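Colleague: Could you take me through one part of this model close up? I'd like the nonpolar core, and then whatever packs around it.

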Amino acid sequence: MQSRLLVLGIALLLLAVVGAVLFPVPMAHVQLPAEVLFTVAGIPITNTMTATWLTMLVLVAFFWRATARLDLVPGRWQNLAEVIIEALLNLVESVAGPQMGRRVFALVATIFLFVLTANWLGLLPGFGTIGLWHEGPHHERILVPLFRSANTDLNTTLALAIASVLATQYYGISTLGWGAYLSRFFNIRGGIIGLFVGLLEFISELAKFVSFSFRLFGNIFAGEVLLAVIAFLIPWVAVVPFLGLVLFVGFIQAFIFAMLTLVFVTVATTHHGGEEAREDHHH
């Protein structure tokens, strides 16, 4: 068994060396901002925008295919969709409770599925390799990819962060009411200490915009740079285990973003005394 593994290792090493010599992989052009492909009515269309549209198209196509014909005995597409939705729903309800879990399920599931799909699509062949030739700043030819992982654009991750934070405020106000919710930030009854704690709460809400957006952006962008460097240094073989690592990181980042949103909404809809807010609060 050990001899077979040794032979396999040597063969993979030789394949990497031969591939690096005969079929070298050029160093990818790493650029922090998203590249502009073209403009429509003066609006720049970037490769992360096309990747975002592709992500939405994939999700819509999958769930349309899964729900086009619902049967008591589900087919493979319907069965896969049911497994995904049921797992997410059970997780959300276990954190937020049955009532609140049903209310925020659509938000949490949408964030998770979008971020996960966008992250994994970025690893497909064609992302970063198929594009349009543009003239660079020094009159050199630069390949601008048609697709670049959506979450490597800070604009995308910031938009997700804004949606998450604003949704948290909405659920908090609609569940507790304006007075009870705003008392988190303007606790006059608590005196100086209460006002100071409220100020910290307000700052923490603003900090979510930065932490949410930069965490997701930084991890996904770093993963793409890592793959580009490894493919350039040791092409064809050494990049395979790193693909698995980036797949795992893409899943973890989607899970963290969605779960933090769920936790923040759960905290925002809970009374200060720890009593869980109920649906009949306003009735």
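Modeller: Sure, and the term first: a nonpolar core here is a set of buried Ala, Val, Leu, Ile, Met, Phe, Trp, Tyr and Cys residues joined through side-chain atoms within 4.5 Å. Keep in mind that this is a predicted model.

With that in hand, the largest nonpolar core has 30 residues, and the ones touching the most other members are Val104, Val108, Phe112, Val115, Tyr171 and Leu262. Five helices each supply at least two residues of this core: H3 (76–96), H4 (98–121), H5 (154–176), H7 (191–233) and H8 (239–268). The top contributor is H4, which gives 12 residues. As a general backdrop, nonpolar side chains tend to be buried together in soluble globular proteins.

Zoom in on Phe112 for a moment. Once you skip residues up to four places away in sequence, Phe112 touches Leu88, Phe251, Ala254, Phe255 and Ala258.

Not every residue of H4 is tucked away, though. Ala106 also belongs to helix H4, but it counts as partly exposed because its relative accessibility is 48%. Its C-alpha atom is 10.0 Å from that of Ile85, and the two residues are 21 apart along the chain.

H4 also has a packing partner in helix H2 (residues 47–67): the two axes come within 9 Å and cross at roughly 115 degrees. The crossing of H2 and H4 is right-handed. On the H2 side the contact is made by Thr52, Leu54, Thr55, Met56, Val58, Leu59 and Phe63, and on the H4 side by Leu113, Phe114, Thr117, Ala118 and Leu121.

Just ahead of H2 in the chain there's a little strand pair to look at. Strand S1 (residues 36–40) and strand S2 (residues 43–46) run antiparallel and are joined by 4 bridges. One of the pairings puts Phe38 opposite Ile45 in S2. The two strands make a hairpin with 2 residues between them. Ala41 sits in that loop between S1 and S2, and it has a positive phi of about 55 degrees although it is not a glycine. For context, most residues other than glycine have a negative phi. Ala41 is also exposed, because its relative accessible area of 81% is over the 50% cut-off.

Back among the helices that feed the core, H5 and H7 are worth a look as a pair. Their axes come within 8 Å and cross at roughly 145 degrees, and this crossing is right-handed. H5 brings Leu154, Thr157, Leu158, Leu160, Ala161, Ile162, Ser164, Val165 and Gln169 to the contact, and H7 meets them with Glu205, Lys208, Phe209, Phe212, Ser213, Phe214, Leu216 and Phe217.

Two residues of that H5 set make a nice contrast. Gln169 lies in helix H5 and counts as buried, because its relative accessibility of 17% is under the 20% cut-off. Leaving out neighbours within four places in sequence, Gln169 is in contact with Tyr181, Phe185 and Glu205. Ile162 is in helix H5 too, yet it counts as partly exposed because its relative accessibility is 34%. The C-alpha atoms of Ile162 and Val210 are separated by 9.7 Å, with their positions 48 residues apart along the chain.

A bit further on is the short stretch H6 (residues 178–182), where you'll find Ala180. At 29% relative accessibility, Ala180 counts as partly exposed. C-alpha to C-alpha, Ala180 is 10.0 Å from Thr270, although the two are 90 residues apart in sequence.

To put the close-up back into the whole: the protein has 8 helices and 4 strands, and from the N terminus the elements go α-β-β-α-α-α-β-β-α-α-α-α. Of its 283 residues, 37% count as buried. Among contacts between residues at least 6 apart in sequence, 68% join residues at least 24 apart. As for the surface, about 17,100 Å² is exposed, and carbon and sulfur atoms supply 73% of it.

Methods. Residues are numbered from 1 along each chain as its sequence is written. This is a predicted model: local features need pLDDT of at least 70, side-chain atom pairs count only at pLDDT 80 or more; totals for chains, interfaces and linings use all residues. Side-chain values use heavy atoms; hydrogens and water are left out. Two strands pair if DSSP finds at least two bridges between them. Buried means under 20% relative accessible area, exposed over 50%, partly exposed in between (1.4 Å probe, protein chains only). Contact means heavy atoms within 4.5 Å. Accessible areas come from the Shrake-Rupley method with a 1.4 Å probe; for residues, only the protein chains shown count as cover. Axes are lines fitted to C-alpha atoms, for helices over the stretch in contact, and angles run from 0 to 180 degrees between N-to-C directions. A crossing is left-handed if the near helix is turned anticlockwise from the far one by less than a right angle, and right-handed if clockwise.
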